[in-house]
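Please find below a colleague's note on the structure, set out as numbered points. The points concern local contacts, cysteines, packing and confidence.

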Amino acid sequence: MQETGNADAYTKDGTIDIYGKPAMKEKTGRWRAGSFVLVTEGLAALAFTGVEVNMVLFAKTVLGQSNADAANTFSTWMGTLNMCTLFGAFLSDSYLGRYLTCVVFQGVLVIGLVLLSLSTQEFMLEPKGCGKIGDLCNKPSQAKVASFYISIYLLALGSGAIEPALATLGADQFDEEDSDENKSKTAFFSYYYVALNIGSLIAETVLAYIENLGKWVLAFWVSTLCGVLALGFLLSGTCRYRHYKPCGNPISRFCQVVVACVRKFEVNVPLNGEGLYEGENECARTIPHTGDFKYLDRAAVMTNSDKILLSIKGQSPNPWHLCTVTQVEEVKCVLRLLPIWFCTTVASMVFVQVLSLFVEQGSAMNTKISKNFHIAPASMTAFDIISTSTFIISYEKIIVPLYIKLVKKEPRIPSELQRIGIGMGISVVSMVAAGLVEQFRLRYADEGETSDLSILWQIPQYVLVGVSEAFIYVAQWEFFASQIPDGLKSLGLGLSMSSSALGSFLCTIIVAVVMKFTSKNGEKGWIPANLNEGHMDRFFFLSAVLVAFDLVLFVTCAHRFKCIKQEKREQVKETSDSTLI
């Protein structure tokens, strides 16, 4: 135990340094360490998005795939990416820890980028100069296609696995039991999302333009360089990072609670949780008993055989028969989060439409900005990214200080759940705006497949979606990070990030169902190939109604949600001298 006089020199949240010693505030963590994580995320996002942004185009022009095959290649790849998010979170919390998970899978990302760049440079672009839009390459052999798939799935593994671990590693650099550092921890997620957006914006503009010219090799090597730089920045902060020790396999802990409950199905649960078992937990803080999900409390009820075993000195209970209260409460915490997670999944289908239906709508509008310049419909997503980043930065730096100056008092900052609700409300407005723009587009439709209405009319809906993202995603990350137990932090963020993937699947299902019911009896349907013959405005209005119902459900779930309560670490605890690397 550190001397009392020196206690303030160390963090109070149980973090340790790279050598396994209690982390010193002045030498570790804070923004100096957090900045390494932010730069790493920005560069990693740029590296990955540089490949992702034109994957469908590459599959069509270089691999010779059809539209359907290219779309399936992309959707399967992105689905794998999101599955890898949960895999990386599991390894981070269970065995490797956040730092080693980030280093290992950032290395995997770099290997994938190098393999993709080399294969494209050496034998994918045949004949030379092919790969532009309308200039197809010779169809590659199966061996060459196999090298392509190996490289992009290494990218999916590396990029997906690192995301929740990197975000959690950055948040770990701020002591949540220090009031000043806790404020910085809240702000970190906002800046993390800004870093992700800036990297994506550069890739979706500069690298996408290079790739559209057929210069795939140059674009991929730029992505590779960014991946290497990201790994370099991550390693540069090695001696400054604060760490939490991995807490073992969470899946086995969850299964132990379920098995123990089944074994004690006929055991009576004591009132108010009195007499339930709570052992020592060196890895995470103790969570006090709560009254909901009472049937799970059976796992912590001590039977006569358990009491006899515990009375023998040095004997530990069988975890598949007797679990601690904290272990049971971990399961309860996850169960409480599921309704909130489901609601954010439904809301995420709005953000999916930015990359699909919004782009299709823009393609059917007048893209001419000046006499010799046409704006690419996909480039309109820049307004989404810019508005998201601008709002996040201006919220704390401009909006809140201006509000204080005008009303002469400190504002009551909305909670994470309130901000998610506000974001959902703005999502409804964005869908209504998209529907109104579509109605105007149809009014000015020509006899072909386009309209005379300028694509610039899409700017409001993109900006509204961007502001909605700023509210929902950042608050969602903060909420899941704060309401998940210590041993499941990365898994909590991984669960949060997976909502967008499920939102994508949900949007796909809804579109398929809508088209099935609206294309009967010879009708074209709401979203036909020629949008001038359909009614995509009705689909946007339907999306607004669905998100509005989701908002009502979310408010109900948020009102009933019980926040997690964990013990405070009032003093620095001794940790082992074992090193992390």
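**Notes on the predicted model**

1. Beyond its neighbours within four places in sequence, Q256 is in contact with P319, W320, C323 and Q327. Q256 belongs to helix 7, which covers residues 250-263. With a relative accessibility of 11%, Q256 counts as buried. The model discussed here is a predicted one.

2. The residue that precedes Q256 in the numbering is a cysteine, C255, and it is partly exposed, at 36% relative accessibility. The closest cysteine sulfur to that of C255 belongs to C323, and the 11 Å between them is too far for a bond. C323 is also one of the contacts of Q256.

3. A second cysteine, C343, has a relative accessibility of 0% and therefore counts as buried. Its sulfur lies 4.4 Å from the closest cysteine sulfur, that of C557, which is too far for a bond, because a disulfide requires the two sulfur atoms to be within 2.5 Å. Across the whole structure, the search finds zero disulfides.

4. Helix 13 spans residues 459-483 and has 25 residues. The distance from its first C-alpha to its last is 36 Å, close to the 36 Å expected at 1.5 Å a residue. Of these 25 residues, 20 are buried, so helix 13 is largely enclosed by the rest of the structure.

5. The largest nonpolar core has 90 residues, and the members that touch the most others are Y192, F358, W477 and F554. Helix 13 supplies the largest share of this core, with 13 residues. Apart from this core lies another, of 35 residues, including L57, L81, L207 and I210. In soluble globular proteins, nonpolar side chains tend to be buried together.

6. What does W477 touch, its neighbours within four places in sequence left aside? The contacts of W477 are F189, Y192, Y193, L196, L493, S496 and M497. Y192 is itself among the core members that touch the most others.

7. As to confidence, the mean pLDDT of the protein is 83, and 93% of its residues reach 70 or more. Among the elements, helix 6 (residues 216-236) has the highest mean pLDDT, 93, and helix 8 (residues 304-311) the lowest, 76.

8. Two stretches call for caution. Over residues 1-5 the pLDDT stays under 50, and the model has seven contacts for them beyond four places in sequence. Residues 571-581 are also below 50, with 33 contacts in the model beyond near neighbours in sequence. Where pLDDT is low, the predicted coordinates should not be read in detail.

Technical notes
Residues are numbered from 1 along each chain as its sequence is written. This is a predicted model: local features need pLDDT of at least 70, side-chain atom pairs count only at pLDDT 80 or more; totals for chains, interfaces and linings use all residues. Side-chain values use heavy atoms; hydrogens and water are left out. pLDDT is the predictor's confidence in each residue, from 0 to 100. Helices (H or I, at least four residues) and strands (E, at least two) are DSSP runs, numbered from the N terminus. Contact means heavy atoms within 4.5 Å. The expected span of a helix is 1.5 Å times one less than its number of residues. Buried means under 20% relative accessible area, exposed over 50%, partly exposed in between (1.4 Å probe, protein chains only). A nonpolar core is a set of buried Ala, Val, Leu, Ile, Met, Phe, Trp, Tyr and Cys residues joined through side-chain atoms within 4.5 Å.
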